[in-house]
Amino acid sequence: MALAFASHARRLLLAGAGAGAPARSFHAEPYQAKVGVVEFLNGVGKGVETHAAKLEEAVGGDLQRLLEARTLRLKKLGIPCKHRKLILSFAHKYRLGLWKPRAEPRKVE
């Protein structure tokens with residue numbers, strides 16, 4: 001009985017040690033140190049970066065105001081539906097800390 005408990009406790013301790021580390025971190029990805037509106041939109045990619053000048057002027061270059069923007073405000077700026085959905089989706093992920101723009105854009109193959 002004591003031996004079964006000891007092996008179970010050891011397994012829990014070993015599992016808890018790596019719980020904070022990501023499961024698939026094969027190599028470190030370089031991220032932007034300071035993220036602005038342009039860097040955020042370049043990180044999203046998929047054609048959203050074409051609206052960088054328009055959005056930067058509308059939010060005054062403040063990323064926090066872009067993260068708080070709603071779909072109606074983006075629609076009034078003339079941003080297409082698909083790009084609005086991408087911006088809002090990535091803004092939500094960024095607020096939660098699940099996504100950051102990379103230092104260099106991904107290579108599309």
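**Helix α6 and the aromatic cluster**

Phe90 is buried, and Trp99 is buried as well; here buried means under 20% relative accessible area, exposed means over 50%, and partly exposed is in between (1.4 Å probe, protein chains only). This is a predicted model, where local features need pLDDT of at least 70 and side-chain atom pairs count only at pLDDT 80 or more, while totals for chains, interfaces and linings use all residues. Residues are numbered from 1 along each chain as its sequence is written, and side-chain values use heavy atoms, with hydrogens and water left out.

**Overall picture**

- The protein has six helices and zero strands, and along the sequence that reads α-α-α-α-α-α. Helices (H or I, at least four residues) and strands (E, at least two) are DSSP runs, numbered from the N terminus.
- Of the 109 residues, 24% count as buried.
- The accessible surface comes to about 8,400 Å², and carbon and sulfur atoms account for 58% of that (Shrake-Rupley method, 1.4 Å probe; for residues, only the protein chains shown count as cover).
- Take the contacts between residues at least 6 apart in sequence: 57% of them join residues at least 24 apart. Contact means heavy atoms within 4.5 Å.

**Aromatic cluster**

- There are three aromatic pairs in the structure. Rings of Phe, Tyr and Trp (its six-membered ring) pair if their centres lie within 6.5 Å; planes under 30 degrees apart count as stacked, over 60 as edge-to-face and the rest as tilted.
- Phe40 and Trp99 make an edge-to-face pair, at 5.5 Å centre to centre with 85° between the planes. Phe40 sits in helix α2 and Trp99 in the segment after α6, so this pair ties together parts 59 residues apart in sequence.
- Phe90 and Trp99 are also edge-to-face, at 4.8 Å centre to centre and 70° between the planes.
- Put the ring pairs together and you get a cluster of Phe40, Phe90, Tyr94 and Trp99.

**Helix α6**

- Helix α6 (residues 81-96) has 16 residues and spans 23 Å from first C-alpha to last, close to the 22 Å expected at 1.5 Å a residue (the expected span is 1.5 Å times one less than the number of residues).
- Buried in α6 are His83, Arg84, Leu86, Ile87, Phe90 and Ala91. They cover an arc of only 160° around the axis, which puts them on the same side of α6; the arc is that of the directions from the helix axis to the C-beta atoms.
- Turned away from that buried side is a face with the exposed residues Lys82, Lys85 and Leu96.
- Cover for the buried residues of α6 includes α2 (37-44), α3 (52-59), α4 (63-67) and α5 (71-76).
- Right after α6 comes Gly97, with a positive phi near 85°.

**Core and the α2-α3 loop**

- The largest nonpolar core has 20 residues, and those with the most contacts inside it are Phe40, Leu41, Val44, Leu55, Leu66 and Ile87. Helices α2, α3, α4 and α6 each give two or more residues to this core. A nonpolar core is a set of buried Ala, Val, Leu, Ile, Met, Phe, Trp, Tyr and Cys residues joined through side-chain atoms within 4.5 Å.
- Leaving aside neighbours within four places in sequence, Leu41 is in contact with Val48, Glu49, His51, Ala52, Leu55 and Ile87.
- His83 has a relative accessible area of 16%. Not counting residues up to four places away, His83 touches Lys46, Gly47, Val48 and His51.
- Lys46 is in the loop between α2 and α3 and counts as exposed at 60% relative accessibility. Its phi is positive, about 55°, although Lys46 is not a glycine.
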